[in-house]
Amino acid sequence: MFAVYAASQDWDDPLSGLELGDRPEPAVPEGWTTVTVRAASLNHHDLWSLKGQGLPADRLPMILGCDAAGLDEDGRPVLVHSVISTPAWVGDETLDPKRSLLSERHQGTFAERVAVPRSNVVALPEGFSLEEAACLPTAWLTAYRMLFTQGGLKAGDSVLVQGAGGGVATACIVLARAAGLRVYATSRDEEKRARAREIGAHEAFPSGERLPAKVDAVMETIGRATWEHSIRSLRPGGALVISGTTSGPKLDDAMLTHIFFLQLRVIGSTMGTRAELASLVSLLDATGHKPLIDSTIPMTDARQAFERLESGDIFGKIVLTLD
Ligand SMILES: NC(=O)c1ccc[n+]([C@@H]2O[C@H](COP(=O)([O-])OP(=O)(O)OC[C@H]3O[C@@H](n4cnc5c(N)ncnc54)[C@H](OP(=O)(O)O)[C@@H]3O)[C@@H](O)[C@H]2O)c1
């Protein structure tokens, strides 16, 4: 079957290991099923895999892709929850120490077909296209958990979202506004700041600029480039929720004195549970919001999509489609 996969890894030139071509049909273990992929969204995770982060070289070649929407074995439209926990695990799937995402241990979703545990297949929510649904399981689910589970934010609270254009960041802006929060965003780019306001930010500022008021929480996916500003933007007792480090994980200054003196909380967040996925869909349904798609590109042109993601010149999700 046709697939987009990592054949090799290179930290400095990740796209050199990207291959498009024929791969074997996925193995379907007991309790698993096959989904025919129609749409799959690109995540920074796919670039990390090509760089050699989170995907050991001995698992190559590996079909990339965490998210998928398509048809189940009976032809019903479905989406795939990407967090694969061990069969005996009970409770929050993200806390299973042996959990993985599709494309880490098991072949990913950038292919004609993907094998997943039956319990990871979710009926397509009403009113969502397959392209929109393909944005939900990673970026939008991560944003939901960051804001409401890990951040504990509620209507009337204030939040700063760093790096307005990213898949997780755009989701954070839309969801935070939908839930009645005061939303600030930053971006290095004026056009993205304008778009951040259009999708729900009350105000958007150049990266690093002082905010008009300290916030209850910061949603951080950029890491090194924005860490100091994130810490400085929090009110005493505020929370920095981090799920990614696009600009790098090594900090010049971790701002430890600020953290203890202002009693800040630094909280990690990864993906989300199936129950959170259902709550995310309910929130979108109740508020009429839809995942924000930057562009839809045929999977056969996946290289072009990866180049856009790598350049950072995006606003929302890039979705790969298959007929
Ligand atoms: N833990 C999890 O479960 C999980 C799930 C999803 C994503 N992630 C991680 O979260 C991060 C975000 O992923 P993503 O797919 O949403 O999008 P992404 O492609 O990493 O985000 C792009 C955005 O990052 C900002 N950015 C990049 N480099 C920057 C720099 N040097 N300085 C300031 N801003 C910079 C840009 O914002 P502006 O151009 O607007 O300034 C850009 O719009 C990734 O590191 C990803 O691995 C983690």
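## A backbone contact to the ligand

How far does a backbone N or O atom of Gly-167 lie from an oxygen atom of the ligand? The distance is 3.0 Å in this predicted model. A backbone N or O atom of Ala-164 also lies 3.4 Å from an oxygen atom of the ligand.

The side chain of His-44 takes part too. One of its polar atoms lies 2.8 Å from an oxygen atom of the ligand. On its own, the ligand exposes 910 Å². The protein buries 88% of that area.

## Residues around the ligand

The ligand has 27 residues around it. Trp-48, Val-168, Ser-187, Lys-192 and Thr-246 come nearest. Set against the domain bounds, Trp-48 belongs to domain 1. Val-168, Ser-187, Lys-192 and Thr-246 belong to domain 2. His-44 falls in domain 1, while Ala-164 falls in domain 2. Gly-167 is in domain 2 as well.

## Two domains

Domain 1 is built from two stretches of the chain, 2-135 and 291-321. Domain 2 covers 139-268. The C-alpha centres of the two domains lie 26 Å apart.

## The domain interface

Where do the domains meet? On the domain 1 side, 15 residues are in contact with 15 residues of domain 2. Together the two domains bury about 1200 Å². Carbon and sulfur atoms account for 61% of that area.

The interface holds 1 salt bridge by the rule used. The side chains of Arg-145 and Asp-92 meet in a salt bridge, with 3.0 Å from N to O. Arg-145 sits in domain 2 and Asp-92 in domain 1. Between the domains, 5 residue pairs are in polar contact. The side of domain 1 that touches domain 2 has 6 nonpolar, 6 polar and 3 charged residues.

Terms used:
Residues are numbered from 1 along each chain as its sequence is written. This is a predicted model: local features need pLDDT of at least 70, side-chain atom pairs count only at pLDDT 80 or more; totals for chains, interfaces and linings use all residues. Side-chain values use heavy atoms; hydrogens and water are left out. Domain bounds come from an automatic or database domain assignment. Contact means heavy atoms within 4.5 Å. Buried area is the accessible area (1.4 Å probe) that two parts lose on being put together, summed over both. A salt bridge is a side-chain nitrogen of Lys or Arg within 4 Å of a carboxyl oxygen of Asp or Glu. A polar contact is a pair of N or O atoms within 3.5 Å; within protein, one must be able to donate a hydrogen and the other to accept it, and residues adjacent in sequence count only if both atoms are side-chain atoms. Ala, Val, Leu, Ile, Met, Phe, Trp, Tyr, Cys and Pro count as nonpolar, Asp, Glu, Lys and Arg as charged, and the others, Gly among them, as polar. A residue is near a molecule or strand if one of its heavy atoms lies within 4 Å of it. Accessible areas come from the Shrake-Rupley method with a 1.4 Å probe; for residues, only the protein chains shown count as cover.
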